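Reader: I would like a close look at one part of this model. Please take the aromatic rings and whatever sits against them, then move on to the neighbouring topics. Keep it brisk.

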Amino acid sequence: MKVPFSFMQGSTLSPQALSWQTRIIAAGGTIDSGILTIIDENLIKPMVSSGIFNCLDKMHLFAGTNDRIAAKINLINSSYTAVEVNPTRISWVNNNGFYSYGTTLATGGYLTFGYNPATAPKWSADRFNCSQFIYGQISSNSVTTNMMGQGSGTSTRNAAIVKNTSGQIIVYMNNTAATGISGGTSLYYKNWLCGTRTANTVRAIVNTTSNSYTIAPTASILSQEIGELAILGNTSTTNLDANTAHMASGHGNNNFDNQLLRTYVINTFAALGI
């Protein structure tokens, strides 16, 4: 997308946007100056001014960059670049982000980041204060689809976001099962899915609706990398989410208003025309 010169003329890119642009170019990607300005004005600058930017370890805009490499570069810092595993089983579309094909880790494609919440600066600093989120188009199939997270064995999910066979969004935080939220028919379009933990309270959020529940005060963090379009370490036969388009995602602490960030993300994609 091109932005008229007159629009860009009065805009000064933030240091954070310039740093992100530098990392994109260094990785072999590109980002149009107009697109960068839109993202900076609608997302990066508001995140900085509200304090959200400093609460996150990572955040990716998988859609809207008009460049597949740019979509894999972390907005927040130089760590946690997305890596496509089994890339022939992944597609990328600018208006929707990344899709996976296949149902298992062996047969499908998924994303890794080298992101381990047990050692990541914002999440590991306080396991009682953490958050994870996805913005994207959710699949309408009737199978369990594991959209993000880490786990072990055939069913354990430690830090994860999952859609179950009934169309409920289930959030797992720190090795504890979660309460589900039913999204109804509206779930299967663009949605904000978020999981947060504050002290012993975990909250599962779909757009502006949330359910909260109490977990054990000793609930731990599994030392394992998180995946997206899959849950790493979970060997369920329906491990991959093959029908969800990931448009944005992130992880960090929970010292910010997730609904404010949701607004910034929606405004950004609207400004980008997607």
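Author: What follows goes through the aromatic pairs, then a lysine, a hairpin and an arginine. The model is predicted.

Start with the rings. The count of aromatic pairs comes to five. One of them joins Phe-62 and Phe-98. Their ring centres are 5.6 Å apart. The planes stand at 80 degrees, and the pair is edge-to-face. This contact links distant parts of the chain. Phe-62 sits in the loop between strand 1 (56-61) and strand 2 (83-85). Phe-98 belongs to strand 4 (residues 97-100). The two are 36 residues apart.

Are these two rings buried or exposed? Phe-62 has a relative accessible area of 0%, so it is buried. Phe-98 is also at 0% relative accessibility and therefore counts as buried.

Phe-62 has another partner, Phe-113. Here the centres lie 6.5 Å apart and the planes meet at 45 degrees, so the pair is tilted. This pair, too, links distant parts of the chain. Phe-62 contributes from the loop between strand 1 and strand 2. Phe-113 comes from the loop between strand 5 (110-112) and helix 4 (121-124). The separation is 51 residues. Phe-113 has a relative accessible area of 5%; that is under 20%, so this residue is buried. Together, Phe-62, Phe-98 and Phe-113 form one aromatic cluster.

Now the lysine. Lys-58 lies over the face of Phe-113, at 4.1 Å from the ring centre. Lys-58 also lies over the face of Tyr-115. There the distance to the ring centre is 5.8 Å. One of the rings under Lys-58 is thus Phe-113, a member of the aromatic cluster.

Next, the hairpin. Strand 8 (residues 156-163) and strand 9 run antiparallel, joined by four bridges. Val-162 stands opposite Ile-170 of strand 9. Four residues lie between the strands of this hairpin. Gly-167 takes a positive phi there, near 85 degrees. Why is strand 9 described as largely enclosed by the rest of the structure? Because four of the five residues of strand 9 (residues 168-172) are buried.

Last, the arginine. Arg-197 has its place in strand 11 (residues 190-198). Arg-197 is at 0% relative accessibility, so it counts as buried. What does its side chain reach? The side chain of Arg-197 reaches the backbone oxygen of Ala-199, at 2.8 Å.

How values were computed:
Residues are numbered from 1 along each chain as its sequence is written. This is a predicted model: local features need pLDDT of at least 70, side-chain atom pairs count only at pLDDT 80 or more; totals for chains, interfaces and linings use all residues. Side-chain values use heavy atoms; hydrogens and water are left out. Buried means under 20% relative accessible area, exposed over 50%, partly exposed in between (1.4 Å probe, protein chains only). A polar contact is a pair of N or O atoms within 3.5 Å; within protein, one must be able to donate a hydrogen and the other to accept it, and residues adjacent in sequence count only if both atoms are side-chain atoms. Rings of Phe, Tyr and Trp (its six-membered ring) pair if their centres lie within 6.5 Å; planes under 30 degrees apart count as stacked, over 60 as edge-to-face and the rest as tilted. A charge sits over a ring if NZ of Lys or CZ of Arg is within 6 Å of the ring centre and within 35 degrees of the ring normal. Two strands pair if DSSP finds at least two bridges between them.
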